[in-house]
Every structure is written in structure tokens, then in C-alpha cells.
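Student: I would like a close look at one part of this protein. Please take one helix and show me how it sits among its surroundings.

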Amino acid sequence: MERLDILVTYDVNVTSEDGQARLARVAKICKNYGQRVQMSVFECRVTRAQLEEMEAKLLKVIDPDTDSLRIYTLMGGRDRCLRVHGQDRYCDFDEPLII
């Protein structure tokens with residue numbers, strides 16, 4: 001089963017009455033598919049079906065008139081598309097975990 005590395009970024013307008021709740025719901029959905037690497041940025045490794053499912057859930061939550069959602073497909077995977085400077089708290093869950 002092919003997996004895609006994707007980057008999900010969002011900006012939720014929290015000045016509205018329900019903005020804080022939308023922000024929390026968006027983050028919770030993203031946490032179910034990947035890991036937070038910055039405040040409103042998640043890296044996820046998903047199947048196409050998971051990507052479609054996640055995107056549908058997120059689109060039900062955001063307000064397209066005031067919020068922004070971006071989903072980038074990292075062609076060739078995270079390792080080929082990313083250069084990190086400073087802290088990198090990413091954990092590759094496909095690698096063996098030693099506890």
C-alpha cells in the first residue's frame with residue numbers, strides 16, 4: 001500500500017466566537033493522522049484513502065471565508081523534500097522504536 005508524506009498547514013481565525021473551538025478541532029483531526037512539527041503544521045504519512053478522509057473532515061470544520069488550510073504532497077518523501085535547521089522533533093514511526 002503506497003504511503004504519501006504530506007505537510008498540513010492551517011491558519012484558523014480565532015477572533016470569532018467559535019474560532020478557538022475550530023482551531024482545537026482542526027488540530028485534533030491532524031493529530032490523528034500525523035505529528036505536529038510546528039504550532040499549526042503537521043507532517044503525516046498516509047494512504048490516499050486516509051488523505052481523502054482527513055481532508056473531508058478538515059473541510060467540514062474550517063470556515064473557508066476566514067480560515068486557511070493547505071495540504072502539500074512531499075514528492076519523493078520527507079527525506080528528499082526537507083531541510084531542517086534548529087530543532088527537529090519529528091519521529092519516524094515506520095522505523096523501529098526503542099523504549
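Tutor: Here is a walk from the whole chain to one helix and its neighbours.

This is a predicted model, where local features need pLDDT of at least 70, side-chain atom pairs count only at pLDDT 80 or more, and totals for chains, interfaces and linings use all residues. Residues are numbered from 1 along each chain as its sequence is written, and side-chain values use heavy atoms, with hydrogens and water left out.

Start with the layout. The protein chain has three helices and four strands. Helices (H or I, at least four residues) and strands (E, at least two) are DSSP runs, numbered from the N terminus. Along the sequence the pattern reads β-α-β-β-α-β-α. Of the 99 residues, 32% count as buried. Buried means under 20% relative accessible area, exposed over 50%, and partly exposed in between, with a 1.4 Å probe and protein chains only.

Now helix 1. It has 13 residues and spans 18 Å from its first C-alpha to its last, close to the 18 Å expected at 1.5 Å a residue. That expected span is 1.5 Å times one less than the number of residues. Gly-19, Arg-22, Val-26, Ala-27, Ile-29 and Cys-30 are buried in helix 1. Seen down the helix axis, these buried residues fall within an arc of 160°, so they line one face. The arc is taken from the directions from the axis to the C-beta atoms. On the face turned away from the buried side sit the exposed residues Gln-20, Lys-28 and Lys-31.

What covers the buried side? The cover includes strand 1, strand 2 (34-38), strand 3 and helix 2.

Helix 1 also feeds the largest nonpolar core. That core has 19 residues, and Val-26 is one of those with the most contacts inside it, alongside Ile-6, Val-8, Tyr-10, Met-54 and Leu-58. Strand 1 (4-11), helix 1 (19-31), strand 3 (41-46) and helix 2 (48-61) each supply at least two of its residues. A nonpolar core is a set of buried Ala, Val, Leu, Ile, Met, Phe, Trp, Tyr and Cys residues joined through side-chain atoms within 4.5 Å. In soluble globular proteins, nonpolar side chains tend to be buried together.

Val-8 shows one link to the helix. Leaving aside residues up to four places away in sequence, Val-8 touches Cys-30, and its other partners include Phe-42, Met-54 and Leu-58. Contact here means heavy atoms within 4.5 Å.
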